[in-house]
Amino acid sequence: KKNGMKRRCCYIESLFLAGIICLSACGSKNPGVSKEELKKEFVKGRTQKDSPVEESAPSEFAEDYQAPPGIKYQPRIMTEGAIVLNVESALKNVRPFRLSDLGKEVNYKKMEPRCDGSSLIRIDDDFLVFAEDGLWLLDRDFEKKKMLVRSDLKVIHSGGGSVKVEGGYFLRDFYYDSAKEQLRFTCQNMKTGKAHLVVTPWAELLASPQPVELKSIRSKLPIDRNYLFSMPDGYGMRVSCSDELYTMGLKGDTLCHFVLGDNERYKARLFEAEGDIVYYYQGNTMFYHAYGGKIYRIKNASTLEVAYKLDFGSLPHLTGARVVGGADVGNSYFLTSCVDTDRFLFLSIDKGYDSINARKNRSVKLYSLVYDKRSGEFFSLPVVSDKVNPEQPLIIADLPESLPFWPNRSIEGNPARFFSKSSLLELYPAQMRENGQVEKLSEADNIWLIIK
């Protein structure tokens with residue numbers, strides 16, 4: 001397992017989730033309609049509208065539910081106004097970066113050990129997080145207020161931090177539709193692998209005197225495990241190992257089909273150098289398509305807008321097909337994380353494929369890049385000394401009681417990181433060695449560090 005460590009997977013840093021996340025296996029079937037049928041309808045040029053019309057989900061779906069066939073809308077990808085980020089120039093524009101450049105104060109917020117910090121979302125003035133025992137409403141200090149949905153997840157913790165899941169449903173991909181006041185999330189049966197998209201009124205969850213049982217929620221749409229993101233009135237489905245994306249309605253109907261690159265197809269590998277990255281910022285669904293070099297903003301079901309385009313210049317940036325085809329991965333550059341905040345965009349770039357063995361062999365180089373939205377400057381942090389195993393370069397801790405820092409989330413537009421003491425010491429031994437603050441942390445605590 002350790003040999004496949006990617007930093008984008010280490011964002012989780014929740015012990016129970018780390019043992020579960022690998023079960024979201026790849027597939028390529030679209031719910032209710034095969035890819036062949038979808039493409040046939042697309043090529044035939046069925047009557048298609050230019051923009052989507054809002055539709056509501058039916059009250060319930062049978063397990064053998066078949067979605068309406070056909071594709072409804074013509075795709076549009078807007079490139080005007082995209083911000084071009086020159087990666088090659090940023091790697092030459094190296095300068096120190098300090099926490100005081102980000103904000104004036106450091107906030108530590110503890111979270112109970114068996115909460116999945118990566119699932120945290122904000123809803124109105126509160127937060128929502130999934131834990132082993134259920135879905136919890138949190139206050140602004142991340143203290144538990146109320147269990148909203150009870151979990152039947154069967155998780156066994158044993159010595160050495162190992163985790164075993166023996167059944168139940170794993171909940172993830174939380175999304176709040178503020179216009180409809182609906183909560184959406186996916187749930188996966190950990191024995192059968194079957195997955196559903198759950199849609200439920202937010203007011204009903206809040207009003208229920210007892211935690212809601214998952215089986216009592218009526219709207220559960222059968223989906224496959226290629227679910228990628230939620231958006232107003234629908235969701236996105238990727239086609240594994242390709243440049244294709246489908247947007248779907250809440251009835252599982254296919255709204256639109258996009259080709260984001262050269263439409264190459266390639267065989268899946270156990271570990272990929274790049275993966276799709278999804279995040280939600282200022283009410284928008286944003287995503288990076290693996291190996292594509294572009295960060296998209298979802299405007300609606302038929303329209304994507306390129307928000308950022310990565311220009312690697314003369315630096316090699318391989319496609320997925322070339323990676324699988326045996327191209328020189330060791331000398332290629334890959335985007336492995338993206339965090340969008342009100343002031344800065346934070347990008348992690350690897351040269352070569354990152355793994356525990358690669359770090360031990362010093363065959364990978366790790367870079368931290370920062371784009372300043374106000375000044376337009378794009379620069380990189382000084383790399384960690386080549387006398388130690390490669391580490392992600394961190395922002396210098398110059399605020400009182402602070403730690404060296406690199407964000408893995410944006411909370412209310414502020415850079416933040418979810419971590420445990422052990423994860424910091426494992427991932428950044430050289431940079432944490434001389435920081436006294438890390439020694440004050442408890443081994444049992446999972447912590448959010450937020451810079452304001």
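Is glutamate 112 buried, exposed or partly exposed? Glutamate 112 is partly exposed, at a relative accessible area of 44%; here buried means under 20% relative accessible area, exposed means over 50%, and partly exposed lies in between (1.4 Å probe, protein chains only). This is a predicted model, so local features need pLDDT of at least 70 and side-chain atom pairs count only at pLDDT 80 or more, while totals for chains, interfaces and linings use all residues. Residues are numbered from 1 along each chain as its sequence is written, and side-chain values use heavy atoms, with hydrogens and water left out.

**Salt bridges**

- The count comes to 21 salt bridges, taking a salt bridge as a side-chain nitrogen of Lys or Arg within 4 Å of a carboxyl oxygen of Asp or Glu.
- Glutamate 112 has a salt bridge to lysine 144, with 2.9 Å between the closest N and O atoms. That pair links distant parts of the chain: glutamate 112 sits in the loop between strand S3 (106-111) and S4, and lysine 144 in strand S7 (residues 144-150), 32 residues apart. Helices (H or I, at least four residues) and strands (E, at least two) are DSSP runs, numbered from the N terminus.
- Lysine 144 is partly exposed, with a relative accessible area of 27%.
- Glutamate 132 and arginine 114 also meet through their side chains in a salt bridge, at 3.9 Å from N to O. This pair again links distant parts of the chain, 18 residues apart, with glutamate 132 in the loop between S5 and S6 and arginine 114 in the loop between S3 and S4.
- Glutamate 132 counts as buried because its relative accessible area is 13%, whereas arginine 114 is partly exposed at 44%.
- Arginine 150 and glutamate 213 form a salt bridge with an N to O distance of 3.1 Å. They are 63 residues apart, with arginine 150 in strand S7 and glutamate 213 in strand S13.
- Arginine 150 is partly exposed at 35% relative accessibility, and glutamate 213 is partly exposed at 34%. Elsewhere, Arg122, Arg140 and Glu412 are joined into one network by salt bridges that share partners.

**The five-strand sheet**

- S4-S5-S6-S7-S13 is the strand order of an open sheet of 5 strands with mixed pairing. S4 and strand S13 (212-213) each have a single partner strand, so they stand at the edges and one side of each is left without a neighbour in the sheet.
- Two strands pair if DSSP finds at least two bridges between them. Strand S5 (residues 126-131) and strand S6 (residues 134-138) manage 5 bridges, in the antiparallel sense.
- Look for phenylalanine 130 and you'll find its bridge partner, leucine 135, in S6.

**A buried aspartate with no salt bridge**

- Aspartate 116 belongs to strand S4 (residues 115-123).
- Aspartate 116 is buried and has no salt bridge; the nearest side chain of opposite charge is arginine 172, 6.8 Å away. For charge, Lys and Arg count as positive and Asp and Glu as negative, with His and the chain ends not counted.
- The side chains of aspartate 116 and serine 118 do share a polar contact of 2.5 Å. A polar contact is a pair of N or O atoms within 3.5 Å; within protein, one must be able to donate a hydrogen and the other to accept it, and residues adjacent in sequence count only if both atoms are side-chain atoms.

**Around S28**

- Strand S28 (residues 414-420) is mostly covered, with 6 of its 7 residues buried.
- Strand S27 (residues 409-411) runs antiparallel to S28, and 3 bridges join them. Isoleucine 411 has asparagine 414 in S28 as its bridge partner.
- The hairpin of S27 and S28 has 2 residues between the strands, and glutamate 412 there takes a positive phi near 55°.
- S28 also pairs with strand S29 (residues 446-451), in the antiparallel sense over 5 bridges. Alanine 416 stands opposite isoleucine 450 in S29.

**Cysteines**

- The disulfide count is 0, where a disulfide is a pair of cysteine sulfur atoms within 2.5 Å.
- Cysteine 241 is buried at 12% relative accessibility, and cysteine 338 is buried at 8%.

**Helix H7**

- Asparagine 361 is in helix H7 (residues 356-361) and counts as exposed, at 58% relative accessibility.
- Asparagine 361 and proline 390 lie 29 residues apart in sequence and 9.2 Å apart in space, C-alpha to C-alpha.
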